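The following paragraphs lead through the arrangement of two chains and the surface between them. Please keep the sequence and the coordinates at hand while reading.

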There are 2 protein chains.
Amino acid sequence: METKIKIGLFGFGCVGGGLYEVLNQSKLLNAEIVKICVKSKDKERSIDASHFTFEKDDLLNNSEINTIVELIDDADAAYEIVTTAFRKGKNVVSANKKLIALHLEELIQLSRKHQVSFLYEASTCASIPVIRNLEEYYNNDSLSKIEGICNGTTNYILTQTHAFGKSYEEVLKEAQDLGFAETDPTMDVDGFDSKFKLDILIAHTFGKIVEVGEILNIGIRNIKEEDVNFGREKGLKIKLISRAEKIGDKVICFVAPHFVPEDHFAYNVENEYNCVAIQALFSDKQFFLGKGAGSYPTASAVLSDISALQFDYNYEYKKFKTGGDLEYSNEFYAKVYVGSPYKLTDEIEFVNIEESYSGLEYHYKIGWVKFSSLASVDFNKREDLFISFFSEDVKFEKTKDESRVEALEAAL
Amino acid sequence: METKIKIGLFGFGCVGGGLYEVLNQSKLLNAEIVKICVKSKDKERSIDASHFTFEKDDLLNNSEINTIVELIDDADAAYEIVTTAFRKGKNVVSANKKLIALHLEELIQLSRKHQVSFLYEASTCASIPVIRNLEEYYNNDSLSKIEGICNGTTNYILTQTHAFGKSYEEVLKEAQDLGFAETDPTMDVDGFDSKFKLDILIAHTFGKIVEVGEILNIGIRNIKEEDVNFGREKGLKIKLISRAEKIGDKVICFVAPHFVPEDHFAYNVENEYNCVAIQALFSDKQFFLGKGAGSYPTASAVLSDISALQFDYNYEYKKFKTGGDLEYSNEFYAKVYVGSPYKLTDEIEFVNIEESYSGLEYHYKIGWVKFSSLASVDFNKREDLFISFFSEDVKFEKTKDESRVEALEAAL
C-alpha cells in the first residue's frame, strides 16, 4: 500500500535545510531525498556537495525521483519546475504561495490531467494544518467565513510596536537583522504574502477561485506611533487580518490592518504566530493557532504532505461542486480609521463620520466607507495615510440587498 | 472510488437528531440513514415512526447497512453493538468516549481482524478535529505534550463562577435546567469524561495505551467561592485541564483543576468551548479551539468520519510503532493549592510549603507534593478539600532522573 517517496528537492534555504533535518530525524516516514537542486554555486552548505546539482533537469528527468518538493522563492522559476514535474508524471509538494495563488486553476487542471498529486500545506500559515482540514474535515460543512493572521513578519512587527512602543522602522530593522524580514520587505509589509495565502484559503473554503488582482491588500508600512497609541488607549491592538466571507452568492475578501479588542480571536496571537478562524454552519466557530514561519514549522508542513503521498493523497476540491456560482464582490460598507500627520481631505469618501480628531501633529477620522471606493487610493504608497478596519463583522452590508442598504442609509 | 454509505444509526438524542439534520442539509455526501434504533418506545420524535426500530438486530443483521453510527450513552450496550458490527463486517463511527477509553486496544484489534474501519472523532472535544490531525498531520512529528480543556459542562461552570461570582451549586443547577449538565453530573464534574478523552488522546499522541484506571481524575465538585476568589485576586482562572506529557520513556498524565494565568492557552477558552494544545518537535506549539459539546458541533464531527469512510479511511495508529516502550509514571512532583473551610492537617503530604493561609472561615496551603502521594486522598468525595494545580510546566520533575530530584530536594 505504501509507496516509497523518492524526492527531488528544489531549494536548500531555511525551509529546505529544515526539511532535510526533519526528514532524517523522523523515523516513521518511508521517504528519501535523492538529489537537491540549488541556484548559487558559491554558497557554503551544511551537507556534502555530492547531494547537490545546479541543473533542474537532473531532478526533473531522473526517473528514480517520483516526487518534486519545490521550496524556492522565485515564483516564475517554480512555475516552470512544477508544470514540468506534472508533465513528467511526478507528484509535487510546494510551499510557494505566490505561484499557487497566481496559477491555482491551471495547476489543478494540469496535475489532474497527468494524474499526479499537488499538495501545498506549507504555503499557507506554515505549521497550521488549515488546507488539509478544510479539504478533509470541513468538506461537508457549509463555511461562511474564514479569517486569520497569515504573515509572521508583520505580526512580529505589530506585536513589538504595540508592546514596547517601538517605531515600525525600528522593529523592521531588527527583524531584518534577525533574518526573518527580507531586505525588500514589500511582499510582507504591503500585505501581498497575506493576500496570496488568503486567495488559497478562499479556494479551499468556498470552492471559488478569486483572481488575486481583485483582492485589495493594504499593509502596515505606513503605521505611525499615533495609530498604535490610539489603539492602546482604547484597549485595541492592530493586527493584519486576511478575511473572506460568503454573503448570499457573493464572496467579499481583503487584507488590511484591523483594530481588534481583547475578546477577538487574533488579540493574543503574537510575534511569529499565525492563526485561522473559521465559521461553519454545523461545527460553529473553529480556531487554529501555530507558528506561521520558521525553518522547522514550515518543514513539518512539507513533511506532512510528503507523508500523505505515501497513500496517494490528493486534494479533492469538493467544494468546487457548490462554489461555482459564487461571485467576488467589493460592494459593501466598512468602518475604518484613517490617521495622518496632515489634515485629512475629502480624498477618502466617508459616507458618514463617527469621530474626527485634529491635533497639532496628528489627525484621524473614523467612519463608514463604501469598500469599493478605497481602491482609488494607493494606501501602501501613501506615507501620509494609515488605514485600519474594525473587527465588528455585523456591520458588513451587501449593496445589492437593497433593503439593508436603505436601512443603513436611513440610519446615517 | 466512492462507496455509498448506508447507515444504521443507534441513538436519536441530541447528537443523533443533529446528525439526521446535518446529513440532510449537506449536499456533498453520498450517505443515507437506512434505519435508526432507539430505546424508548414512548418518546415523541421529530420524524416519522417508520424510521425507527427498537431491535438492534434490525440494524446489525441488515446487509444493506454497511456502517453503524453509535451515538448512545450506555457504554456496555455500545460495546455489544460495536463489537457485533465489526463481526458483521460493518464500519463503525462512535462518539462514545467511555467505551473507547475502556476498550481501545481490543476494539482496534477486532476491527482490524474484520478489516473494517473504526472512527471516533466526535468522542474527543466534539467539533475539534484533534484525532484526525494527530493521525494524519502530526504522524511524523515527535510530540512531547498534549493538554486541553476536554469537557464543556465543567468549563461552562468554571467560566460562570469566575465571571459572575456565582457558586458552583448555583451554576450547576442552571446548567442542568438548560439541559447541558446531567441530573447526575458525576461523569463531568469529577473529571471522568475528561479522563476518557485524555486516554484516547494519549493513544493517538504517543502511541501508548494507558489503562484508564491508572489516570488520576480530580474534578471541580468541591470548588468554593474562596478558591475562585483566590484566583481572581491573582489574575488566575481555574480550568479543568487534561494533560499528558512524555518525559524520556515515561508518560505522565492526569485530569485536575489548574490555576492558569492570562497568557496560558486555556485562559480565554470559555463556556462550552474546548481546546487542545500540542507541543511538537518540528511543528512547535499548536493550538485548536472549537465547541466541545452541542448537537451540531458533535454531529459535524460524526459527519466528517462518515465522509472519510467514502474513501475507506481508517486510523493507522502509526505512533504505536514507536510508542510501545513508553511507561506510565506517577513519580513526579507538582505544585498544588489546597483550600478548605477547616484547618489543613498533614493528610496532604507537602514536600515543601510555599504559602500557608488561615482565616476565620477558610484556609489554604500552596506547595510541592509528590504526585503519587495524592492517590491516598479521594478528592472528589472530600467536600472539605479543593485542590488545584498550577500550570507551570517546567516544575515537573522525573523521579528517576536522580540528579534533577536531588537538585530539587537540595532547593527545598
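**Where the two chains meet**

In this predicted model, strand 12 of chain A, which covers residues 284-291, pairs with strand 12 of chain B in the antiparallel sense, and the pairing extends over 5 bridges. Within this pairing, Phe288(A) stands opposite Phe288(B), a residue of strand 12 of chain B.

The relation between the chains can be stated as an operation: a turn of 180° with a shift of 0.0 Å along the axis lays chain B on chain A with an RMSD of 0.0 Å. The two copies are therefore related as by a two-fold rotation axis. In chain B, the C-alpha nearest this axis belongs to Phe288(B) and lies 2.4 Å from it. The same surface serves both copies, since 100% of the contact residues of chain B recur in chain A.

Turning to the contacts themselves, 36 residues of chain B are in contact with 36 residues of chain A, where contact is taken as C-beta atoms, placed from the backbone, lying within 7 Å. On the side of chain B that touches chain A, the elements giving two or more residues are helix 5 (130-136), strand 12 (284-291), helix 11 (295-309) and helix 12 (320-323) of chain B. Strand 12 of chain B supplies the largest share of that side, with 8 residues. By residue class, the side of chain B that touches chain A divides into 14 nonpolar, 13 polar and 9 charged residues.

Notes
Residues numbered from 1 in each chain as written. Chains lettered and ligands numbered in written order. Predicted model: local features only at pLDDT ≥ 70, side-chain atom pairs only at ≥ 80, totals over all residues. Least-squares fit on C-alpha atoms with pLDDT ≥ 70 in both. Contact = placed C-beta atoms within 7 Å. Helix = DSSP H or I, 4+ residues; strand = E, 2+ residues; numbered from the N terminus. Nonpolar A, V, L, I, M, F, W, Y, C, P; charged D, E, K, R; others polar. Pairing = 2+ DSSP bridges.
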